[in-house]
Structures are given as C-alpha cells and as structure tokens.
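Trainee: I would like to learn how to read a protein structure. Please take me through one.

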Amino acid sequence: MLYEVRAEAVKFFNDIMKDKYMKRMFITRMEAPHDREDEKFTWHKSARRYWDRFMKEHGVFATCGASKAVFVFEDMDYVIKVPFANDSFDYCYKEVWVYKEAVEAGYDEVFAPCYILGHYRFYDGDQPFMFPFYAMLKLDCSGKSIARWAGDSNAHLYNSKESYDADSDDVVEMMDDYYGGDGWNIYDVVDWLYDHCDASDLHGGNFGLNKDGRPMFVDYSGYGCSSFDPCMR
Ligand SMILES: Nc1ncnc2c1ncn2[C@@H]1O[C@H](COP(=O)(O)OP(=O)(O)OP(=O)(O)O)[C@@H](O)[C@H]1O
Ligand SMILES: [Mg+2]
C-alpha cells in the first residue's frame, strides 16, 4: 500500500522536475510562508499563478502551513508532506517520531498515521539535490466539514488560513466531547504530547476527520521546537 503511495509521489515529483520553473521552486524547497496574509506561498504573484496552474493540471491540491507543503491527491488515501527548507529542522520527521511514540504509549488513535517514504533525488545540471517526503493518512480537513461536525457556524476558524483563531483549548475541548464518552482522556494525550514530545500548536487547522468522522490531529510536530531533535533521542 505505502509502496504504491511512494510510487505515485515519485511520479508526481518526476513531472515537477520536467518543468524548469517548478524545479526551481523545489530547489529552494518552496520558501515557507512567513506571511500569514497569504495562505499558500510567499512568492511573487506570477510564480504563485504558475504553481497553481501546474497543480490544477496535475489534479493535485497543494496546501501548506508554516513548515510543510502538503499535496492531496484525489484518488489516494494518503497525503504527501514535504518539509520546507527555511528551517534546518524537519517537522515532518518529527511527526513520524511522535506517531511512533504514540503507538508505544497507546495514544495512536488520536494521530493520523505518518510514515517516511524516503528521499527524492534529482539533478540540476551536474548539481545533485534531494529532499525527504512523507505520507500521512488523508483526513477531511476542510473548514466546512469540521465546522459542521463541531456544530459551529464559524467555518473560517477551521480553514488553515484563519485557523490560528481556534486555539488549542477550543480544539482539545471539542475532541474531549468526542473521546470523553469513549473512555478517553484527551487531556492526558495533550499533556503527553507537550511533555514527552515538546509539541503544542494544536490550532483549528491542525486536525481533521477520518472516514468514520473521528477527529484526529494531522499536525502534531509543534512549531518553533528546533531545540528538540528526535534523532538525538
Ligand atoms: N493528513 C492530512 N490530510 C488532509 N489534509 C492535511 C493533512 N495534513 C495536513 N493537511 C492540510 O495541510 C495543512 C498544512 O499541514 P500542517 O498543518 O501539517 O503544516 P504546518 O506547516 O506544520 O502547519 P502550521 O502552520 O500549523 O505549523 C493543514 O492545515 C491541513 O489543511
Ligand atoms: Mg498546521
């Protein structure tokens, strides 16, 4: 299964590398959006239009937060995540590590499973480049669906653009409404995430619903935690 996801991702990256402008964006690893005014990438408008057209032609929905680009393929059960290169810290690898720890702690039901797929290698002339890429179970993260699920008319709170307004407390409270009845204590999970994994930042854009309508975190790497390096544990 993951082998097929990996093959699809590699095919997609191969197409990207055939296009010299898209390739350039991956060489600079899709500069991160420092400016939250713009949900996607802080590029010049024409570069952004080029990117959007490319993604549309390839039937891929591309989105991002502050630290990762996320590619959503319509006919795949997993999204592909690529960490931005603006920070030497790999926030996707952190998610893989947290997920592994969550499995061991018995908390994995609350986290969308995440796996490393390997490194994609490419050349620009003689110059070699590579970047890591990851698969995460695809959830429904649309503001509309989540607002409907939460019985909240403020869908914009759950769109990644404005999701910082639905802060961790709101999100955890909503998850507690769901898991509380199930014998779960979501507050224990959140404390564990904070203490053991040095991760917080559970705002409204960082969770989604699986096929059964179960809420799960999709972004559990935290942010600004470059002092934490899972490789050193
Ligand atoms: N597993 C998933 N399934 C569907 N959509 C996803 C998934 N993971 C992430 N997304 C979408 O991509 C967006 C960005 O992903 P993510 O939150 O992991 O990146 P980030 O850069 O760490 O974000 P932040 O700005 O919160 O630090 C999410 O807000 C969500 O809309
Ligand atoms: Mg996020």
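Mentor: We will look at a sheet, two helices and a core. This is a predicted model: local features need pLDDT of at least 70, side-chain atom pairs count only at pLDDT 80 or more, and totals for chains, interfaces and linings use all residues. Residues are numbered from 1 along each chain as its sequence is written, and chains are lettered from A and ligands numbered from 1 in the order in which they are written.

Trainee: In what order do the strands of the sheet lie?

Mentor: Strands of a sheet pair through backbone hydrogen bonds, either parallel or antiparallel. Strands here are DSSP runs (E, at least two residues), as helices are (H or I, at least four), numbered from the N terminus. Two strands pair if DSSP finds at least two bridges between them. In this model, five strands form an open, antiparallel sheet ordered S1-S2-S3-S5-S4. Strands S1 (60-64) and S4 (114-124) are the edges, each pairing on one side only.

Trainee: How many bridges join S2 and S3?

Mentor: Four bridges link S2 (residues 68-73) to S3 (residues 78-83), in the antiparallel sense. Phe71 has Ile80 in S3 as its bridge partner.

Trainee: Which residues of helix H4 are buried?

Mentor: An α-helix has 3.6 residues a turn, so residues three or four places apart point the same way. A residue is buried if 20 or more other C-beta atoms lie within 10 Å of its own, exposed if 12 or fewer, and partly exposed in between; C-beta atoms are placed from the backbone. In H4, the buried residues include Tyr91, Lys94, Trp97, Val98 and Ala102. Their cover includes S2, S3, S4, S5 and helix H7 (186-197). The helix has 15 residues and reaches 21 Å from first C-alpha to last, close to the 21 Å expected at 1.5 Å a residue. That expected span is 1.5 Å times one less than the number of residues. Gly106 follows H4, with a positive phi near 80 degrees.

Trainee: What follows helix H3?

Mentor: Gly59 follows H3, and its phi is positive, near 65 degrees. H3 (residues 45-57) has 13 residues.

Trainee: Which residues touch the most other members of the largest nonpolar core?

Mentor: A nonpolar core is a set of buried Ala, Val, Leu, Ile, Met, Phe, Trp, Tyr and Cys residues joined through C-beta atoms within 7 Å. Among the 48 residues of the largest one, Val98, Phe111, Met136 and Phe217 touch the most other members. Helix H4 gives the most to this core, seven residues. Domain 1 (2-137) and domain 2 (143-223) each supply at least three; the bounds come from an automatic or database domain assignment.

Key
Contact = placed C-beta atoms within 7 Å.
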